[in-house]
Amino acid sequence: MKNLIKPVLAAGLMLTAAPVMVAAPAAAQSAQGVAVVNLPAVIANSNAFRVAEQQREVTYKPQLDQAKARQAQLAAQINPMVTKLRADSQVAGADRNALQAQAANIQGLEQSGQRELQTILQPVGLSQAYVEEQIRGQLNAALENAAKANNVTLVLSPDTVLYAADTLNLNQAVLDELNRLLPSAQIVPPAGWEPEAVRKQRAAAAAQQAQQPAAPATSGR
């Protein structure tokens, strides 16, 4: 059975990448003021992110435990059905319509189970998105401060660099700045808080609705 507990990604809410080791400290000079920064690695290694990950396991333990228990229940229900379907499909002259009906039933249970688990884990996903938004709110300042301190005028991401023998690795400098600007993050969002992507969607929808011409009034007789 598919692992039904997945990070809740409502509107791109969550940072799901595992922490990546930050590269060695920056060299004294860069090649013509060029540096490379792996921002996902910096975020994942920041104090705010790592502490929030630990705190979330405690704060949202009821939701995590509920989701884990429900996942076990779904597995106990679906796994025998999958085993039966495999066995039935090996029978000579098996009814294809019956097999398709079994498969559809299994798929329906998996999908409904996924939706149920996402509902249970929604507070966890919102917490992850809230922490990430706080970190990204300080990331540009941390990057700019680190670049100025190291006389860097151009910063590239690792996936845009094919060869960089003498290019400055700015990861540690940016990480230090980020830890200074945001030593910790709040893990519980305020009531009614929504991720930035959702807020932008709502604002765009409201703006589009405001631009639509009003329906002409009809006069009654």
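These legends go with a few views of a predicted model.

**View 1. The whole protein chain, element by element.** Here's the full cast: 7 helices and 3 strands. Start at the N terminus and the order reads β-α-α-α-α-α-β-β-α-α. The protein chain has 221 residues, and 32% of them count as buried.

**View 2. Surface and contacts of the protein chain.** Roll a probe over the protein chain and you get an accessible surface of about 13900 Å². Carbon and sulfur atoms own 53% of that surface. As for contacts, take those with a separation of 6 or more: 88% of them link residues 24 or more positions apart.

**View 3. Helices α3 and α4, side by side.** Zoom in on α3 (residues 61–89) and α4 (residues 96–120), whose axes come within 10 Å. The two axes cross at roughly 170°. Angles over 145 degrees count as roughly antiparallel, so that is the label for α3 relative to α4. Sort the residues of this α3 contact with α4 by type and you find 12 nonpolar, 8 polar and 5 charged.

**View 4. Helix α6 and its neighbours.** This one frames α6, which spans residues 171–181. Its buried residues are Asn171, Ala173, Val174, Leu175, Glu177, Leu178 and Asn179. So what do the buried residues of α6 pack against? On the helix side, the partners are α1 (39–45), α2 (47–59) and α5 (122–149). On the strand side, they are β1 (34–36) and β3 (168–169).

Note on methods. Residues are numbered from 1 along each chain as its sequence is written. This is a predicted model: local features need pLDDT of at least 70, side-chain atom pairs count only at pLDDT 80 or more; totals for chains, interfaces and linings use all residues. Side-chain values use heavy atoms; hydrogens and water are left out. Buried means under 20% relative accessible area, exposed over 50%, partly exposed in between (1.4 Å probe, protein chains only). Helices (H or I, at least four residues) and strands (E, at least two) are DSSP runs, numbered from the N terminus. Contact means heavy atoms within 4.5 Å. Accessible areas come from the Shrake-Rupley method with a 1.4 Å probe; for residues, only the protein chains shown count as cover. Axes are lines fitted to C-alpha atoms, for helices over the stretch in contact, and angles run from 0 to 180 degrees between N-to-C directions. Angles under 35 degrees count as roughly parallel, over 145 as roughly antiparallel, 65 to 115 as roughly perpendicular and the rest as oblique. Ala, Val, Leu, Ile, Met, Phe, Trp, Tyr, Cys and Pro count as nonpolar, Asp, Glu, Lys and Arg as charged, and the others, Gly among them, as polar.
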